[in-house]
Every structure is written in C-alpha cells, then in structure tokens.
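User: Please take a close look at one part of this structure and tell me how it fits into its surroundings. I would like a connected account rather than a list.

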Amino acid sequence: GPCFARALIQKELMQHEDYFFQVDSHFRFVPSWDEVLLQQLAACPSSRPVLTSLQSSYELPRDHQPGDLDTVIISKRDTMTILCADKFGNDCAGQDDAFLRIRSRVCRTNFGHIPPPALFWTARFHFSRAEAARECPYDPYRDYIFFGEEISMAARLFTCGWDLFNPTKTIG
C-alpha cells in the first residue's frame with residue numbers, strides 16, 4: 001500500500017535534504033514552481049509550516065496520444081483553492097465506510113501572499129522543511145491503508161506542532 005511504500009522511501013532515500021515534497025504522479029507544474037513553493041512556505045505565519053493542497057486541474061489536448069510530448073494545459077484560474085470537508089462515506093453511495101471526504105473549493109477571499117490555515121492535510125501535495133517528514137514519518141505498519149492515511153497524518157503533524165496551510169498560488 002502507499003503508506004508502506006512512502007515509509008520505505010522516507011527511510012531509505014531521505015538523507016540530509018532541506019525540504020520534503022510529496023505529490024501525486026499525475027501532477028503538472030507551473031514555471032518556476034520551486035521558487036513559488038519556497039516563497040509560499042516563507043510567507044506562512046508559523047515557524048513550522050506545511051503547505052498542503054489539491055491544486056488546480058489540467059487538461060491534455062483532445063488529440064493527445066500516449067507517448068506524445070506532454071502539452072498539458074494547466075488551469076488559468078488565478079483564484080486559490082482551499083481544502084474543505086465534503087461528506088461522509090455511506091453505503092447508499094457505494095462507499096463502505098464512514099470516513100470524511102475532503103475536496104478543494106475555489107476560495108473567493110483574497111489572502112494576498114499569506115497562506116491561510118488549512119483544516120485538512122492531503123497526501124497529494126505536501127511541502128515543508130524536511131524536519132516535518134523526519135518528525136512525522138509514514139507509519140510502515142499501515143501496510144494496506146489507502147483511505148484514512150490523511151486523517152492520521154494530519155493529526156500526527158498537528159500533535160508534533162506543525163501547522164497546515166493552503167498555498168495562495170498555483171503550483172501545478
């Protein structure tokens with residue numbers, strides 16, 4: 001499962017990096033994304049910030065064929081997205097659990113360049129100083145957990161003193 005794989009990556013591959021960045025494999029980046037991330041992290045009103053987000057959507061051209069040059073079109077939307085509660089799973093919707101689902105929503109408030117606090121954490125996008133991953137590594141004994149890791153990690157980060165924030169800029 002992903003928790004075991006991520007725990008193994010952190011244990012075997014992390015060394016003396018200054019930062020930790022985890023994203024989904026289907027992520028597409030905007031130009032200068034690395035500079036934007038560093039600026040966003042520095043603008044967080046916390047000494048222990050974690051940026052987390054679902055970020056914007058993208059589209060492949062209709063005529064795209066596997067193996068072609070990636071000519072993805074990233075959303076041009078300038079508004080930021082924030083993580084919000086969506087709904088609880090239920091049997092009627094074909095979900096056999098009662099976990100809270102999260103989703104992103106367009107935020108109509110302008111926070112300027114200061115990232116606002118996030119209520120949730122997502123494994124799809126985490127950027128922080130590497131100490132966050134060293135202090136709150138993935139639990140290797142959650143072998144087959146896929147759904148529920150985000151709730152667990154949010155609680156673990158929070159209880160270790162890390163603060164969650166939504167980026168105000170599109171990274172990808």
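**A strand and its sheet**

Analyst: In this predicted model, strands S1 and S7 run antiparallel and are joined by five bridges. One place where the two strands meet can be named by residue, since Gln 22 has His 126 in S7 as its bridge partner. The pair belongs to an open sheet of four strands, whose order is S1-S7-S2-S8 and whose pairing is mixed. At the edges of the sheet stand S1, which covers residues 19-23, and S8, which covers 163-165; each has a single partner strand, and therefore one side of each has no neighbour in the sheet. Direction ignored, neighbouring strands of this sheet are turned against each other by 20° on average. As general background, strands of a sheet pair through backbone hydrogen bonds, and they may do so in parallel or antiparallel fashion.

Within S7, which spans residues 125-129, Ser 128 deserves a closer look. Ser 128 has a relative accessible area of 0%, and because buried means under 20%, this residue counts as buried. Its side chain takes part in a polar contact of 2.8 Å with the side chain of His 126, the residue already met as the bridge partner of Gln 22. If neighbours within four places in sequence are left aside, the residues in contact with Ser 128 are Tyr 19, Phe 20, Leu 41, Pro 49 and Val 50. Of these, Tyr 19 and Phe 20 lie in the residue range of S1, while Pro 49 and Val 50 lie in that of strand S2, residues 49-52.

S7 is also among the elements against which the buried residues of helix H4 pack, and the others are helix H1 (2-13), S2, strand S6 (100-106), helix H3 (130-135) and S8. In H4, which runs over residues 149-159, these buried residues are Glu 149, Glu 150, Ser 152, Met 153, Ala 154 and Leu 157. After H4 comes Gly 161, with a positive phi near 90°.

Seen against the whole chain, these parts belong to a set of four helices and eight strands, which follow one another from the N terminus as α-β-α-β-β-β-β-β-β-α-α-β. Of the 172 residues in the chain, 37% are buried, and among the contacts with a separation of 6 or more, 75% are between residues 24 or more positions apart. The accessible surface of the chain is about 10,700 Å², and carbon and sulfur atoms account for 56% of that surface.

Definitions and conventions:
Residues numbered from 1 in each chain as written. Predicted model: local features only at pLDDT ≥ 70, side-chain atom pairs only at ≥ 80, totals over all residues. Heavy atoms only, no water. Buried < 20%, exposed > 50% of the residue type's maximum accessible area, 1.4 Å probe, protein only. Polar contact = N/O pair within 3.5 Å; in protein donor to acceptor, adjacent residues only side chain to side chain. Contact = heavy atoms within 4.5 Å. Pairing = 2+ DSSP bridges. Axes fitted to C-alpha atoms, helices over the stretch in contact; angles between N-to-C directions. Areas by Shrake-Rupley, 256 points an atom, 1.4 Å probe, with all protein chains shown as cover.
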